[in-house]
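Let's work through a few exercises together. Have the model open beside you, and try each task before reading its solution.

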Amino acid sequence: MQTVVLCVVNQKGGVGKTTTAVNLGAYIARAGLKVLLVDLDPQGNATTGLGLNRAYIRLSTYDCLIRRAAVREAALPTELEGLDLLPSNPDLAGAEVELVQQEGREFKLREALAPVLPRYDLIFVDCPPSLGLLTLNGLVAADEAVVPIQCEFYALEGIAQLVRTIELVQRTLNPRLRIGAVVLTMYDGRTNLSDQVVKEARAYFGDVVARTVVPRSVRLAEAPSHGKPVMLYDPHAKGAVAYEELAAELLVRLDLRTAGRAV
Ligand SMILES: Nc1ncnc2c1ncn2[C@@H]1O[C@H](COP(=O)(O)OP(=O)(O)O)[C@@H](O)[C@H]1O
Ligand SMILES: [Mg+2]
């Protein structure tokens, strides 16, 4: 099976990118696939959310982007078998500035990941909340963009710009790229607003919107402070069940559900 690289992207902060990357990664690893989660955000929420203290990280995504280290050396195992993490630390904030002068600056992540593709079935890239050079590296490295949309006011604000950016990358730097899934997050069944966002997103994106909608779930928000994916924190929480279903749906969408590997 060819490795699939998924870039979790939305230039808005707080829409559920990291939560989606961490928890989909966890459930897909549990299904028996080898998963690497790349923390491409200098804030390092995926890193701390998986229980790693950023202060103690010796080699990070940053070192891989500037070619000071190989992903093989910098990637760390997590508590969950089958899920590795390429951690972020604050150095990554400097990468955007440092890489600007370099030739092929949009291809750094893709080049860094190339040697480890045979080791993983799936690679999730957790992007920062911007459309800067780091996110561009994520999109250039990816086969599929996964776009979380928060069921809130102004949910679709900025989406047209994001779609234009993805299309531009597709036309110029990475023809393989497509939007693999749009994930509706923090759905609150008590409000009409949430339903309205779901409707608008389906009207805009059509079938690319995942059937599974992720509800607002306190347990999902608590899990990172315990350094765990929700699966290991409270597997029966409604947010956990949703990500479990979403993982299964994604594998079908990506045609990754092969014999013996079903979620
Ligand atoms: N479905 C959800 N229900 C409740 N809280 C959530 C949910 N998804 C994410 N959160 C919380 O919302 C905040 C933003 O989510 P996060 O995944 O970090 O967004 P992003 O990576 O896009 O900035 C975090 O505190 C996270 O724990
Ligand atoms: Mg994040």
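**Exercise 1: From one pair to the whole sheet**

Task: find how strand β1 and strand β6 are joined, and then place them in the sheet.

Step 1. Strand β1 (residues 4-8) and strand β6 (residues 144-150) run parallel and are joined by three bridges. Helices (H or I, at least four residues) and strands (E, at least two) are DSSP runs, numbered from the N terminus. Two strands pair if DSSP finds at least two bridges between them.

Step 2. Look across from Cys 7: Ala 145 in β6 stands opposite.

Step 3. Now trace the open sheet of seven strands, with mixed pairing, in the order β3-β4-β2-β5-β1-β6-β7. At the edges stand β3 (76-77) and β7 (178-185), each with a single partner strand, so one side of each lacks a neighbour in the sheet.

A word on the source: this is a predicted model, in which local features need pLDDT of at least 70 and side-chain atom pairs count only at pLDDT 80 or more, while totals for chains, interfaces and linings use all residues. Residues are numbered from 1 along each chain as its sequence is written, chains are lettered from A and ligands numbered from 1 in the order in which they are written, and side-chain values use heavy atoms, with hydrogens and water left out.

**Exercise 2: The surroundings of β2**

Task: is strand β2 (residues 35-39) mostly covered or mostly uncovered, and which strands does β2 join?

Step 1. Five of the five residues of β2 are buried (under 20% relative accessible area, 1.4 Å probe, protein chains only), and the strand is mostly covered.

Step 2. Sort the side chains: Val 35, Leu 37 and Asp 39 point one way, Leu 36 and Val 38 the other, and all are buried.

Step 3. Turn to the partners. β2 runs parallel to strand β4 (residues 83-86), with four bridges, and Val 35 faces Leu 83 there. β2 also runs parallel to strand β5 (residues 122-126), through five bridges, where Asp 39 has Asp 126 as its bridge partner.

**Exercise 3: The chain as a whole**

Task: describe the overall make-up and dimensions of the chain.

Step 1. Count the elements: twelve helices and seven strands.

Step 2. The radius of gyration (over C-alpha atoms) is 17 Å, close to the 18 Å from the globule rule (2.2 Å times the number of residues to the power 0.38) for 263 residues, so the chain is as compact as a globular protein of that length.

Step 3. Along its principal axes, the C-alpha trace spans about 50 × 35 × 35 Å. Of the 263 residues, 55% count as buried.

Key. Buried means under 20% relative accessible area, exposed over 50%, partly exposed in between (1.4 Å probe, protein chains only).
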